[in-house]
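Work through the exercises below with the sequence and the 3D view side by side. Try each task before reading its solution.

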Amino acid sequence: MHLVCPACGATNRIPDERLRDSPACGRCGAPVITSDPVNLTDATFAKYVTANDLPVVVDFWAAWCGPCKMMAPHFASAAKQLPQVRFAKLDTEAATVTSARYGIRSIPTLIAFRKGEEIARMSGAMGANELLQWVK
């Protein structure tokens, strides 16, 4: 399985049976699998959503957005509960190119990707249970 290191962006090949062994990045030594959402930028977004073999759920958000702030702990909780899914956040104010590319008009917006292809989209804040159901 191919997983992108959240620290340095290197693509690591990890045998499926080693996923539970807390694998480290071959380039930088950082953990490849984290229980916290990864912060993405315009520069890191494309590789992260296309090179990961696991599905990636991205929260498009902004610091000034009240519903985004309300949903943030629920998103982090879902990341801890679903290790078979990668969770990431993209600040729409800082990553305007990626936000425009995906037509983000309202926030928070969640987009699920599989090998770079958008497979699902949901706009609006969700609680933990709703978020888990949507991701599953």
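The exercises that follow concern a predicted model.

**Exercise 1. Place R18 and decide whether it is buried, partly exposed or exposed.**

Step 1. Find the segment: R18 sits in the loop between strand 2 (11-13) and strand 3 (38-40).

Step 2. Take its relative accessibility, which is 43%. Buried means under 20% and exposed means over 50%. R18 therefore counts as partly exposed.

Step 3. Look along the chain to M1, 17 residues apart from R18; the two C-alpha atoms are separated by 9.8 Å.

**Exercise 2. Check whether the end-to-end distance of helix 2 agrees with its number of residues, then find where helix 2 bends.**

Step 1. Helix 2 covers residues 66-81, which is 16 residues.

Step 2. At 1.5 Å a residue, the expected span is 22 Å. The span is 1.5 Å times one less than the number of residues.

Step 3. The end C-alpha atoms of helix 2 are 24 Å apart, which agrees with the expected span.

Step 4. A bend of about 35° is found at A72, and the proline P73 follows within four residues.

Step 5. Buried residues of helix 2 are C68, M71, F75, A78 and A79. Their cover includes strand 4, strand 5 (86-91), strand 6 and helix 4 (128-135).

**Exercise 3. Determine which strands pair with strand 6, and in which direction they run.**

Step 1. Strand 4 and strand 6 run antiparallel and are joined by five bridges. Here D59 stands opposite L110 of strand 6.

Step 2. Strand 6 is also joined to strand 7 (residues 117-123), by six bridges, and these two run antiparallel. T109 has S123 of strand 7 as its bridge partner.

Step 3. The hairpin of strand 6 and strand 7 has two residues between the strands, and K115 takes a positive phi near 50° there.

Step 4. Check the cover: five of the six residues of strand 6 are buried.

**Exercise 4. Classify the aromatic pair of F60 and Y102, and say which parts of the chain it ties together.**

Step 1. Six aromatic pairs are counted in the model. In the pair of F60 and Y102, the ring centres are 6.3 Å apart and the planes make an angle of 45°, so the pair is tilted.

Step 2. F60 lies in strand 4 (residues 56-61), while Y102 lies in the loop between helix 3 (96-101) and strand 6 (109-114); the pair therefore ties together parts that are 42 residues apart in sequence.

Step 3. Both F60 and Y102 are buried. Ring pairs link them with F45 and F113 into a cluster.

Step 4. Turn to S99 in helix 3. S99 counts as buried because its relative accessibility is 8%. Leaving out residues up to four places away in sequence, S99 touches F60, L90, T92 and I104.

**Exercise 5. Describe the largest nonpolar core and what supplies it.**

Step 1. The largest nonpolar core has 17 residues, and L40, F45 and V58 have the most contacts inside it.

Step 2. At least two residues each come from strand 3, helix 1 (42-51), strand 4, strand 5 and strand 6. Helix 1 gives the most, with four residues.

Step 3. Follow V58: setting aside neighbours within four places in sequence, its contacts include L40, F45, V49, A88 and L90.

Step 4. A second, separate core has 15 residues, among them F75, L82, A112 and M126.

Notes. Residues numbered from 1 in each chain as written. Predicted model: local features only at pLDDT ≥ 70, side-chain atom pairs only at ≥ 80, totals over all residues. Heavy atoms only, no water. Buried < 20%, exposed > 50% of the residue type's maximum accessible area, 1.4 Å probe, protein only. Phe/Tyr/Trp six-rings, centres within 6.5 Å; stacked < 30°, edge-to-face > 60°. Pairing = 2+ DSSP bridges. Bend = angle between axes of the 7 residues up to and from the residue. Contact = heavy atoms within 4.5 Å. Core = buried A, V, L, I, M, F, W, Y, C linked by side-chain atoms within 4.5 Å.
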